[in-house]
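User: I am new to this structure and would like a close look at one single part of it. Please take me through how that part is put together, and then show me something of its surroundings.

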Amino acid sequence: MKTDPATLEIMRSYYNAIAAGMGHVIERTSFTTFVKESADFATALAAPSGEFFVYPKTVGVTIFLGLSVKRAAEACGPLEPGDIIITNEPYSSDGLATHLPDVHVFKPIFVDGELISYAWAFVHCSDVGGLVPSSISPEATDIHQEGLRIPPVKLYKRGEANPDVHTFLNANSRSPKLNLGDFNAMVAAVNTAEQRMLSLVDKFGVQAVKDSMEDLMDQGESRARQVISRIPDGTYSFADYLDDDMVSDTPVRLAVSVIVKDGDITLDFSKCDPQVRTAFNLVTNGKKHSFLFQGLINYIISSDPYIPVNGGLTRPISVIAPAGTLVNPVYPAAVGVRHTITMRLYNAVLGALAKAIPDEIPAAGAGQSAIVVLSTPDLLNGTRNMAVVQPMGGGGGGQSDMDGADGIDHASGFLRNTPIESLEQHIEVLVHRYELLENTAGAGQHRGGHAIVLDFEILEEGSTVTARGMERLRFHPWGLAGGQAGSLGQVTLNPGSEQERPLPKISVLHPSPGDIISIQSPGGGGWGSPYLRKPEEVLEEFRAGLISQEHAEQQYGVVLEVQNGSWSVNKGATESLRESVQVQDDMWDFGPSRTAYESVWTPEASDTLAVLLQQLPPMQRAVRKQWVHDEAARQSKDHALMPEDIQGLWEQWAATAR
Amino acid sequence: MTNSWRLGIDIGGTFTDLTVLNNETGQLTGIKTPTVPSDPAQGIANGLALLKAQGIQPEDIHYFVHGTTIGLNTLLQRRGEEIALIVTEGFRDLLNLQRLRLPIPYDFSSRLPEPLIPRERVFTVKERLTHDGSVHTPLDMQSLDEAIQGAAASGAQGVVICFLHSYKNPVHEQQAVNRIAEIAPGLAANASSSLWPQMREYERAAMTSVNLYIQPNVQRYFETLQERLQEEGVKTTPFITQSNGGIMDIGTAAEAPVRTLFSGPAAGVIGAVHAARSAGIGNVITFDMGGTSADISIIESGEPTFTHFNQLGGMPIMLPSVSMYSVGAGGGSYAWIDNGGLLKVGPESVGSSPGPACYGKGDRAALTDAFLLCGYLNPDRFAAGNVQLYPERSAEAIGPVAEHLGTSAREAADAMIRVAVANMYAELSAVMEQHGFDPREFSLLAFGGGGPVTANFLAEEIQAQSVLVPPSPGTLCALGALTADFAYDAVLTLQKRLDEIQAEQLKKEYGLLADQALAWLDNQDAAGLEGSTLYYSMDARYSGQAFEIEMPLDRQLLEDSSGEQLASAFHELHRRQYGHSDPAAVLEIINLRVRLVGHTVKPVISEVAEGTGHALPTGKRSIIYGGTEYEADVYARRELLAGQVVEGPAIVEQDDTTVLVLHNWYGESDRSGNLILKRKEVRA
């Protein structure tokens, strides 16, 4: 370390003030509601290498900390003082932007002609054109349907605004004024940061500033390494699934091998499923991208809460992501709902780590966040009113030292709900129920979090409902270390009435006035055997109405009885029940549907197919994967498929094609 | 000298401060006595005995204002009453789900704060209002009775009632309260709509829960206090300070103790307002550094700023209060080395026991130790000589830190202070940026034990115009209590587009709020007010925006509150606060607010005699900061006369604190006894 430990801590405070200060400028001056409602923006300072050396924890979203402005800066080079770059384009920025509504702005900062830093900001803007208002549709099949692509270009050149760029941008948004407000907010933010960096250089000298950036990233790196070195060396493979890709029923499999060696971690996605035809793809260009390992980052920061948060944290991590897979799709794959896949990657990476250090890893939480949006016609103005009814996360995973959080999962723990009163003032809807749901938490020594149910009544003719990001309607959040899987999400029309019927995963619903739509989130998986849970804790949750008497007995082996109107644990019966049952000491509980699916599509079969598919041009892979699945079903191969079965089907296709 | 006194009391964690003011002469006297945590009223009685010894008789106290921390501590220590909650069917988890967002989303062990009422004691009732307040499902008496019986059987002593949209129409909540009185008269009942009828069901329910949860403790304390005061011969009844910076009578405080939660720091800010006015300074950042944290508040053009939302112990408090923000370490925050070898100060604190190492009991180096090692504090004259400090214990405690840094103990102490100040700078500048204030247009007003030692460093960092140190920075809260006005806030959630509202309707609603406030003041046991003022404002936003801003309405705007005029006033305000406005957008009015201030007679405080030229130092001390050693002149604050100047580097010692003046700054005393520090370069 070139900087002494006191001065480095002082510099860290200053940098943090500058980076967080940019965030506050955006909070105050941006136009889009995404900033104020869901804090969907971020700011940071990058070193000349392009890595972020300070990334504020308290402002905006944390997931971008491992990204780099390098490729986007190179694309615009050479850079000069006063230049400001704008981009929203994943493919030409190495995934700095991950979908088109995220517009990024950054400014190089020079001292005497030498580049010393970049000030960076992004905002999820209101609309950048494309198929649907606000630009995100799961069913987009290529990126051009998702809006205007802005490859890295100069918004300002040597301090002068570039009006041509503005003209283009304005012509390609449904809400150009809102966007312009957001761009201006980001420009104000990076300009402020530049001034404050320069005054820091005045105060400490340019060398001290450069040294301290490096030292802070070295701190991030070496401390991340300290945490990682506690994980035993080895290769840990795991996979998790998306229910489907919206255009077929075939699951999407995210397989990862985590290779730990001497404080380094490699995430190998060589057996991950191919890119899909819909908008779930995550552009990384094969680079180390922090969306791939948010779970790992959270693990590191949870383990060392005072670690300087910056790109140095990701230095011990490397990634193998072959082109054409979901985690490195090639142009022009659509990318709008990449958040869905990011959340499942969170489960997949933590699942792999759980094989090494189960005591430190939570069971799977709900692993999804369905943003339930109601749209009603505004007949007066000929437009539509829109409101988020609620963001529906679900229970968190249990962990070795505590139960999972009820109704909210760490993978989407930043979500805020909407007061029902404020929602009903805002849009025509009547919410009937917004509560935790009993018996939905995965049982365990430390249970998962309970699911949430949301029932709302449609009041207006012509209302529509969407819920992008809805997942885990088929595959349960897994339980760990003997804990049970959490419950599935589900959608029901008119629950408890004669018209009750189940609905599939919501794409777009066109309900009638009077219809009640009931959305149930998944529950979190449990951690540790339920038979190890203290009977008094089971009794307490029964009293709280979170579990039924039957659930207590069947899941936890706790017999409850009532005497004089007061419930208590029947200790004798509980003991003998717990003794009589053969405790399954399975590490994992994946729930019935994954077990059933994998009894045919074994992990080996899926691995084999994923690797074979890499022989094809990326855009053909999803189609061929579907064909193999269909053909396997047609030939009613309901036994466990082996790699040679897949090889056979693969060759059969080649023969048919000829 | 007449024998008529005002008494202000502030009970802190360590000391109970009594400030008495002679009504005639304006003479101010401060007294400190240890707080008696098990029986705070005893601490007051002890203080009264000390006053008596100085010739101030209890029966001569004609005005008595008191800030209480009983409610605050009851909440923070979770020692409140067992209570139940009755909510609308379908929303049993109002308190469990909260607003969902986890406090630290990326931390696996981060959880939402535990509600004050467990799910087991939450009961649902079949009833429903719609957003305009009309009845969608009438209150089902059978399910209400079952809920009440359930609450009674659960062992709860009180019941909170929060139904959806009750802020628009309290009818069902009132029916429930009445029914509880009929069938379970032993249960205390608190309806959310009667406490604070503002939209947002979770916040309303949680805040009402806090109120009922702390109420029995607060009431018991008030009873004890009044008995004890009577025994001591005090004839007047106490007024209680509120979070909104105002006072109320003790009966009102007992009804709504949730209004007292932030009263201590709020009184400090009111004291700061008084001091800033006396110094003729309008824009002030108050900087209160106590044992565990440093807190700031913003005074703009001589008026405190308010916030409509606060958090305490994880609970949302949706009431207007004087704005307050924590910016970092206090005197007890101690140094440690983190996993990567970086020097940290705080957030952990040594607390009042064992206290900083220099108190002789603990072995952790706190900021107070650093101040001592750097030469700012006089070990023999700390807290008026009541606490002996041991510099050798500080040096010993800081040893490991110094060793890690490879420096002397003194240099390590200097580094600790720089780390703490840089962190405060970061936090403070974040607060200023969030609100769009430029710190260069403000002065720092330092109080609390550690504020005046640290303020000059911070002022230098933020480029503040000056540092104001009031005459008695340790007892500013008590002074604030003495000078506070009666204040009452009322709210009505309207949530309507501006084009859907008639000017007459607005005027009528404001009239009702004003009547409510005036009735409150009428019922206060407050004689001899110098009139009262009503302040009107509305929370408004552009339709579709998520956050509203508060727009003050002057009399004229209220009189002819036509849509166009309100809109143009809003565009102007939005442009001022956020740098842009959208004249084409539709306005939405969320809440109407009225604040009533009943002006108490302000005491006249005696002035300091005039002096000239430079003050005479009482000695010299070598001090260190920023890595450089200085010979500082030492002054006694009580000897400073108005107009006298102290040149930095200097230390000014007084009973309740120590002021540090940097080498490129100087201090000047004014007629009110304020010491004002400024940069030498701006001296004419």
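Analyst: What follows looks at one pair of packed helices and then turns to the wider chains. The model is a predicted one, and the part chosen here lies in chain A, where helix H7, covering residues 294–303, packs with helix H8, covering residues 338–356. The axes of H7 and H8 of chain A are 7 Å apart and meet at an angle of about 55 degrees, which makes H7(A) oblique to H8(A). On the H7(A) side, the residues that take part are A:Gln294, A:Gly295, A:Leu296 and A:Asn298, and they meet A:Tyr346, A:Val349, A:Leu350 and A:Leu353 of H8(A). Sorted by class, this contact between H7(A) and H8(A) consists of 5 nonpolar and 3 polar residues, with no charged residues.

Stepping back to the whole of chain A, its division gives domain 1, residues 5–221, and domain 2, residues 601–657, and the centres of these two domains of chain A, taken over C-alpha atoms, are separated by 43 Å.

Chain B can be described in broader terms, with a secondary structure of 17 helices and 35 strands. Its C-alpha atoms fill a box of roughly 80 × 65 × 55 Å along the principal axes, and the radius of gyration of chain B, 26 Å, agrees with a compact globule, because a globule with 684 residues would have a value near 26 Å. Of those 684 residues of chain B, 60% count as buried, while among the contacts in chain B between residues at least 6 apart in sequence, 67% join residues at least 24 apart.

Notes
Residues numbered from 1 in each chain as written. Chains lettered and ligands numbered in written order. Predicted model: local features only at pLDDT ≥ 70, side-chain atom pairs only at ≥ 80, totals over all residues. Heavy atoms only, no water. Domains from an automatic or database assignment. Axes fitted to C-alpha atoms, helices over the stretch in contact; angles between N-to-C directions. Helix = DSSP H or I, 4+ residues; strand = E, 2+ residues; numbered from the N terminus. Parallel < 35°, antiparallel > 145°, perpendicular 65-115°, else oblique. Contact = heavy atoms within 4.5 Å. Nonpolar A, V, L, I, M, F, W, Y, C, P; charged D, E, K, R; others polar. Rg over C-alpha atoms; globule rule 2.2 N^0.38 Å. Buried < 20%, exposed > 50% of the residue type's maximum accessible area, 1.4 Å probe, protein only.
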